[in-house]
Amino acid sequence: MRCALIGNPSVGKSLIFNQLTGLGVEVSNYPGTTVELMQGKLCHQGSTLQIVDLPGIYSMDGDSAEEELVRAYLLSETPDAVIAVLDATRMERNLYLLLQLAEYGIPMVVVINMIDEAAQQGIIIDSGHLSSVLGAPVIETAASLGKNIGEIIPTVLSSARPAGIAVPYTPQIEAAIRSLGKLYGATRLQALHALQGIGSASELVEGARTIAGEIESLNHMSAHQIIGANRHLCARRIAADVVGAQEPDRRFSADRLLTKAFPG
Ligand SMILES: Nc1nc2c(ncn2[C@@H]2O[C@H](COP(=O)(O)OP(=O)(O)OP(=O)(O)O)[C@@H](O)[C@H]2O)c(=O)[nH]1
Ligand SMILES: [Mg+2]
């Protein structure tokens, strides 16, 4: 089984990767790119898993080398599962990427990392609710403390599933997706890519260019911008629903530790 760690930059993917994998980590350039990929292996109850630590990205639809690599990896290497790593202190921004990842339809497990940092900042996350909104399992972790890292692989093996959530796009974008499906047999993901001009020349991309041009002249915004705005709104709504505030938990703060270490 092959699975990939995906997420925004600096969310803790590599730390989690190092904790999950043992020996046999390989670093190589992804074919045709200068982007390095770490690949490792682990065994869990008789199953061997190959794990790839993908580069951190903020969006999956841009043209940076990292974003192109992640898209190419997901479309051509077709991993059996993805482990989507989110930063608990930046849920809205991280959900924006997650909503795009969900469109690939790959079985996933969502890991909300930095839960220690979130607690210190007084941020609480309703993971149960998030799991029902996304339709995929959600685990809270603090990789720097090793907290709940042991739950990731068993959850991947037992319950990874394609997220059921779909971003509701504006009626024009939804109509364009349906037309491209009817005319060219495009899936929702392929239609969205084509509307954003992603992908090499094809009848679909050509057809989508015409439709995207009409959408742009009606809205004074490109289809790409509208799609991005719809995703941002959806991410903001989910974050508003699942992220709450409480009194900051200072248990791990230096002050507290010093008071404990030097009573009186
Ligand atoms: N407080 C806290 N820090 C963490 C946690 N997980 C990772 N870190 C720290 O966050 C920083 C970034 O971690 P990385 O594992 O390098 O993040 P990454 O997602 O691989 O980043 P990129 O490769 O740049 O995309 C490091 O300093 C980690 O030690 C956590 O759960 N809690
Ligand atoms: Mg990394």
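**Figure 1. Helix α3 gives the largest share of the lining of the largest cavity.** In this predicted model, α3 puts four residues into that lining, the biggest contribution to it. The helix spans residues 91-102, and it is joined by β1 (2-7) and β5 (81-87), each of the three supplying at least two lining residues.

**Figure 2. The residues around the largest cavity.** Have a look at the wall: Ile6, Gly7, Asn8, Ala84, Val85, Leu86, Asn94, Leu97, Leu98 and Leu101 line the space. Sorted by class, that lining has seven nonpolar residues, three polar ones and no charged ones. The volume comes out at about 50 Å³. If you're hunting for others, the structure holds one cavity of 30 Å³ or more.

**Figure 3. Helices α7 and α8 cross.** A pair of packed helices is described by the angle between the two axes and the distance between them. Here α7 covers residues 171-184 and α8 covers residues 188-195; their axes come within 9 Å and cross at roughly 115 degrees. That angle is why α7 counts as roughly perpendicular to α8. As for handedness, the α7 and α8 crossing is right-handed.

**Figure 4. Side by side in the contact of α7 with α8.** The crossing shown here is again the right-handed one between α7 and α8. On the α7 side, the contact uses Ile173, Glu174, Ala176, Ile177 and Leu180, while α8 brings in Arg188, Ala191, Leu192 and Leu195. Seven of these contact residues are nonpolar, two are charged and none is polar.

**Figure 5. Helix α7 also packs against α9.** Helix α9 runs over residues 203-219, and its axis lies 11 Å from that of α7, at an angle of about 160 degrees. With that angle, α7 is roughly antiparallel to α9. This crossing of α7 and α9 is right-handed.

**Figure 6. Who touches whom between α7 and α9?** From α7 come Gln172, Ile173, Ala176, Ser179, Leu180 and Tyr184. From α9 come Glu203, Leu204, Gly207, Ala208, Ile211, Ile215, Leu218 and Asn219. By class, the α7 and α9 contact has nine nonpolar residues, four polar and one charged. If some of the α7 names ring a bell, Ile173, Ala176 and Leu180 are listed for the α8 contact and for the α9 contact.

Key:
Residues numbered from 1 in each chain as written. Chains lettered and ligands numbered in written order. Predicted model: local features only at pLDDT ≥ 70, side-chain atom pairs only at ≥ 80, totals over all residues. Heavy atoms only, no water. Axes fitted to C-alpha atoms, helices over the stretch in contact; angles between N-to-C directions. Parallel < 35°, antiparallel > 145°, perpendicular 65-115°, else oblique. Left-handed = near helix turned anticlockwise from the far one by under 90°. Contact = heavy atoms within 4.5 Å. Nonpolar A, V, L, I, M, F, W, Y, C, P; charged D, E, K, R; others polar. 1 Å grid on protein atoms, 1.4 Å probe; cavity = no way out; pocket = protein on both sides within 12 Å on 5 of 7 lines; lining within 4 Å. Points joined across faces, edges and corners; volume = space filled by probe spheres on them.
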